Amino acid sequence: MSGDGREGDRRDDEVRDARRIPGPRGAVDDLDLESVPRPVLPPRGEHAPEETAPKQEAPVPEDGAPGQEALKEEEAREAPGAKEPQEALEAPEAQEAPEEQAPEEEGEYVVYEPLSGTASDPVASATPPAPVTPALSHQVLKALLGAWALSACSAGETAAVEEHLTSCAPCADEALRLRDAVGLLHTDGSLDLDPGLRARVLDGCLGRRPARIPVPGWVTPYDAETARLDALVRDFGAAEWHAPVRLQWFEEERAVTRRTTVAGVIGHLMAVDGLLSAVLGLEDPLAAAEGRGGSEVPLTPVRRTEAYWAATHPPATRAVREPWRDLTHRLISTASIAGRNVAERSVSYGDFALPLQDALLDRAFECWVHGTDIAEAVDYPYGPPSAAHLHRMVDLAARMLPAALAGRRRAGLAGPAKELVAPGEPGRSVHLEVEGHGGGDWYIALDSPAAVGSPDRVVAQVALDGVEFCRLVAGHISPVEAAAGQEGDREAIRDVLFASASLSRL
């Protein structure tokens, strides 16, 4: 290479005009894009200014410099006689706007910078426009809530409704209720109503408008269990009303059964409920059925039931439901109106008597037990009462056990008293531990019904499940099969278990 550089210039010209074999393709990261000038377009609709200055030749990168391999690849792809890409990039002001550009000369290489958001941008033209939220009034949006809950709105309507729900509290509450209602429309689940639905509906109604005469707390178990039983039998057909039902209970040391129908069970409940109606001044349904005065009506539940069944010819059908349900409503309303003093009125069962509040709890227990008998006869599920109501039923049975023990002892069916104490004093006791649903702890006095059960005088302990204990009291399971755990005096445990079964009756 000479010192003045002429020989080098001639070599460069020869090299530029000669056809070249492209070298290996470089990676994208190897390109120095910052060193390549970018064209500048004139404003849209204007002509590019005339070229006034001579074109400046862009310096050719040295061999090995960044961008050299990319330029070689572009030159290899050009047609013969085409100009260097650098010449087109040297004077961008000499180019015209794409709309008014003159036809290009053969072999000329021009690069344009696409305008953002125009049709020349393939990315911008391929992107669908965002849905426009329609401007709808409050009334229209409120009317669309039902369709929105069912996912039947268009995309624009859905966006408008959801935007409205963020600022309108009443519509948001209504939308939540509608969405919950849509969940009830699914048919893949059970069609049976939620057992707690009635309680929630009543709580909601009473919360908005309290009852003028509220139902006392000691009446609510009877109210709940009669309503549950009525919901079970309300839609029965003729076949279900005549379905055979087996009633069972314990008498002395053996199990007793009696066969009847679903209608016969409802008639039995109505006949025994007549004992309470007489105390509240209501008409005795058994006296009305037999056409005789109340003084001639038998008092014991078994005799009343037998008398009702004997007076029913032909056998009872679904027609028995309405008088039974009417009687339960009148008992509940009359007890609620009478006030607190009526709760202590005595209800005679012939062999024993109970205060009215305990008698209604006993009738609630009978409704649940016989509701289970009916449900088993028609192969339908029927759950236990609520935990609070079941706890009160267990408590009633536990309070009746000392008197039942004394009666069995007089009949020679239980062991003799070992430690007599004064009335109201603590005596020997059995710890009755009821577990699970409606459970608790009770201490049963063994030697005298007037004694008081005490944890300090416990001689034995027996553990049972709450529902199993109630089935034992109803006479549905044997005393030998009832206890889940026993500890202490075996004779005392046996006496308590058999006394529990003796509380059962027809």
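Student: How many bridges join β5 to strand β6?
Tutor: Keep in mind that we're looking at a predicted model. In it, β6 takes in residues 440–445, and β5 and β6 run antiparallel. The number of bridges joining them is six.

Student: Which residue in the turn of the β5 and β6 hairpin has a positive phi?
Tutor: Start with the hairpin itself: four residues sit between β5 and β6. Look in that turn for a phi of about 75 degrees, and you land on Gly436.

Student: Which residue in β6 does His431 stand opposite?
Tutor: Stay with the two strands, which run antiparallel. Go across from His431 into β6, and the residue you meet is Tyr443.

Student: How many salt bridges does a search of the whole structure find?
Tutor: To count, a pair needs a side-chain nitrogen of Lys or Arg within 4 Å of a carboxyl oxygen of Asp or Glu. Arg494 and Glu253 make it, with their closest N and O atoms 3.7 Å apart. Searching the whole structure, the total comes to 21.

Student: How many residues apart in sequence are the parts that Arg494 and Glu253 tie together?
Tutor: Arg494 is in helix α20 (residues 490–501), while Glu253 is in the loop between β1 and β2, so their salt bridge links parts of the chain separated in sequence by 241 residues.
By the way, Arg494 has a relative accessibility of 39%, and Glu253 has a relative accessible area of 34%. Buried would need under 20% and exposed over 50%, so Arg494 and Glu253 both count as partly exposed. Back to what you asked, then: the sequence separation is 241 residues.

Student: Are Asp273 and Arg363 buried or exposed?
Tutor: These two form a salt bridge, with the closest N and O atoms 2.8 Å apart. Asp273 belongs to helix α12 and Arg363 to helix α16, so the pair connects parts 90 residues apart in sequence. As for accessibility, both Asp273 and Arg363 are buried.

Student: Where does Glu491 lie, given that its partner Lys418 is in a loop?
Tutor: Lys418 and Glu491 form a salt bridge, their closest N and O atoms being 3.5 Å apart. Lys418 is in the loop between α17 and β5, and the parts tied together are 73 residues apart in sequence, so look further along the chain for Glu491: helix α20.

Student: Which residues do salt bridges with shared partners join into one network with Lys418 and Glu491?
Tutor: Lys418 is partly exposed at 49%, and Glu491 is partly exposed at 36%. Follow the shared partners from there, and the network also takes in Arg428, Asp447 and Asp489.

Methods: Residues numbered from 1 in each chain as written. Predicted model: local features only at pLDDT ≥ 70, side-chain atom pairs only at ≥ 80, totals over all residues. Heavy atoms only, no water. Buried < 20%, exposed > 50% of the residue type's maximum accessible area, 1.4 Å probe, protein only. Pairing = 2+ DSSP bridges.
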